[in-house]
Amino acid sequence: MTKLFATKQLIPFNVIGDPNPAATVANVLAQVQAGAQLIELGLPFSDPVADGPAVKAANQRALRGQLTVAQALATVAAIRAQSNVALVLVTYVNIPFVYGFDAFAARVAALDITGIIVPDLPHEEAAEFRDSLARHGVDLLTIVGPASPERIATVVAPARGFLTVSPALPQPILGQEIAAIRAASDLPIVVNLPTADTATIQALAPLVEGIQLTETFVSGAAVDPGELARPVTELRQALQAL
Amino acid sequence: MTEKVDNRFGMYGGQFVPEALMPELIRLQDAFEACKHDDDFQREFHRLLNDYAGRPSLLYYAKNMTEDLGGAKIYLKREDLNHTGAHKINNVIGQALLAKRLGKTRLIAETGAGQHGVATATIAALFGMDCEIYMGKQDTDRQRLNVYRMELLGAKVVPVTDGQGLLKDAVNAALADWAQHAADTFYVIGSAVGPAPYPAMVHEFQSVISKESRQQILQVEGRLPDAIVACCGGGSNAIGSFADYLDKPSVKLYGAEAAGQGLASGKTAATLELGSDGIFHGMASKFLQNQDGQIAKVYSISAGLDYPGIGPEHAALQASGRATYVGITDEEAVQAFEYIARKEGIIAAIESSHAVAYTEKLAKTMTPDQIIICTLSGRGDKDVAQVANYRGVDLHD
C-alpha cells in the first residue's frame, strides 16, 4: 500500500449495486480508465447512520433491488476479473458480523481486497475483526476523528495500510490534526470529503497522500460511466500538480 | 480518566459508534461514573424526582382485576402518575443533569410514542436548554397530540421521513445530529439502548421504579413479589422495573414485547423472540434483521414498542434465562387497554397495555397467595383516538 501512495491518490467511492451491479462494474472500470489506482466500494446497508443524505440514498437504491451481500461480493469479483486496481471495501460492522468475521475475511481476501473501512467500529471494539482480517492478509483501515488529539496515539498504534481523517475539518484545525497524526504514525494519510473542486484539492495536496471523494461519483441515474468518471483525471492532476 | 469500565452485559453491549463520537462517549462515561458517587448530584436528582416528577409513584393493589382473574394478587406500579404521564421522566432528569455538568446547552432526543420526547422537552424547558426532538413521520401522524405538547414546551419536533418513518429512523437522525453537534449538544437516549454508557445509565436512572416497588411491597405484604411484568420496546421501563430484583431469583421477571399482528405474521416487533445477534445503533444485541444483517421493517400498534432492536441487558437476561420475554399482539393489547379501563378505572398507555395483557394471562396460572407487580409505564390519553380507530369508531365526526 505504501508503494501505491508514492504518488498522491484521488480515491473515488462507489456504493455497490447503485443503481444496479452492472452499472457499478462499468463505473469502476471507467474510473480506472480515467486514472484511479485505488477505489473504494461500499457494501449497501439498510441504515448507514454515519453517511450523508447522498450516500444514504445510494444505499437505498442498491437495496431496493433486493441486492444480497453475496450478489454485492459477486459484483466485486466481476470488477476484479477485469482489473487489478487496488480495492478498499467500506462496510458497516453488522454485515461482516452476521456473515461471520472470519468467513468474511476469507471471502474478501479471495477477492484481493487491500483493506476494509468500518465506520461504526472504533478502536475499542476493533480487535476481533482486525485479527480475523490480519489472518487473511487484509488490513482493517483506521479512521482518525477530528478534534480528539488525546486519542491519536492510541488509535493509530495498531493501524496498517493508510489512515483516514474523517470528517475533514476546515483549516487550520485540519493542518494541526494532520501534524499530530504524522508525529504518531508513518502511514499515508487520506482525507475524506463529500466533493471537492480543483482549488480545494490543490489546497489540501501538500498536507496529505490521498483524498477520498464520497459523493462525486454517486449518481444513481443512468449516466454514461465515462462521463461520471471524468473528474478523476482532472482532480488527480490537481492533486499531483505540486 | 477513570479506570476501564466493563461495557458489556454478557456478550452484549459495547460501543459501536464512529470514531468522531468516541471522545464524547468517553467524557460521558466518566461523568456518569462520577455522578453515581457524587452526593450533590444524587441529592439534586432525587429532589427533582420527588418535588418535580411527583415520586414516589403509587403501588396500587388492583383488587377488581385480582378478583376477576381469580389467580395471583395484582399490584400496579403507577408510573403513569408521574409528571408528563410516563416513566420516561426519571431517566431524562438524570441525563439532563449530566448534560448540565458537561456544559451542554442543547438537548436532542428520539421519540416513538412521544412520551420520551415530551419528557425531554419538559426538562429542557425547566433547565432553560434548547431542545430538538426527532420523531418518525408515521409516529408524528399517529401521535399528533404529543407533537403539539412538545411544541407547547418550546421544543422543535423534526419529522423523520427516512426508512419507515418510525422509531429506528428517529434514532438514526438523532445520532447524525449528535455526530455533528456534539460540542454543545447532549443526546438524551430514552430507551435502554445505544452505545455504552447509555444502557447502564438508563438502568441506573430508571431503577428508582424497582427500588420503590420493593420497599412498597415489603411494607404492604411483608415479602417480595413472585413476578414482575413490564412492557418492552427498547426496554427502559422493563429494566427499571427489574433492576432491584435481579439478584433475587425467586422473583420471576417477564417482559411483554409487541408481537404486532402475530409472531408468524411478518408484521411484528418481537425482537427477543424472533431476532438474532447483531451490531447496530452502537450496541451488540438482538435485532430483527434478514440473513445478510440488513435491519428489518417492524410493525406494532404501539409507536413506543416498534423498534427492531432491544437493550443489550435484556438480550443478556434472556440468554442467561434470568428473564422471560413474551409477545403480545395488537388485539390482546387493545383488549387489555379496554379491560383495565373498565375494571380499575385506569386508562393505561397502549405500550403498558401489553404488560397488562400478559399479567392477565400469568395471574390465572398462579395462586391467590402469590403476587405480581405489573408496571404501568404510562397513561393512555394519547392512545384513545388510535384505539377508537382500531375499533372502527370515528372520533372526528
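**Close-up 1. Salt bridges of B:R391 with helix α14 of chain B in the predicted model.** B:E338 and B:R391 form a salt bridge in which the closest N and O atoms are 2.8 Å apart. This pair links distant parts of the chain, since B:E338 belongs to helix α14 of chain B and B:R391 to the segment after α16 of chain B, 53 residues apart. B:R391 also forms a salt bridge with B:E331, with 3.4 Å between the closest N and O atoms; because B:E331 lies in helix α14 (residues 330-344) and B:R391 in the segment after α16 (384-390), this pair ties together parts that are 60 residues apart in sequence. B:R391 is partly exposed at 34% relative accessibility, as is B:E331 at 29%, and B:E338 counts as partly exposed at 21%.

**Close-up 2. A salt bridge within helix α3 of chain B.** The side chains of B:K63 and B:E67 meet in a salt bridge of 3.4 Å, N to O. Because the two residues are four apart in helix α3 (residues 63-69), about one helical turn separates them. B:K63 is partly exposed, with a relative accessible area of 43%, whereas B:E67 is exposed, at 53%.

**Close-up 3. An open four-stranded sheet in chain B.** The strands follow the order β1-β2-β12-β11, with antiparallel pairing. β1 (8-9) and β11 (276-280) stand at the edges, each with a single partner strand, so one side of each is left without a neighbour in the sheet. Helix α13 (residues 312-320) of chain B packs on the sheet, where it touches β1, β2 and β12 (282-287), and its direction makes about 45° with that of β12(B).

How values were computed
Residues numbered from 1 in each chain as written. Chains lettered and ligands numbered in written order. Predicted model: local features only at pLDDT ≥ 70, side-chain atom pairs only at ≥ 80, totals over all residues. Heavy atoms only, no water. Pairing = 2+ DSSP bridges. Contact = heavy atoms within 4.5 Å. Axes fitted to C-alpha atoms, helices over the stretch in contact; angles between N-to-C directions. Salt bridge = Lys/Arg side-chain N within 4 Å of Asp/Glu carboxyl O. Buried < 20%, exposed > 50% of the residue type's maximum accessible area, 1.4 Å probe, protein only.
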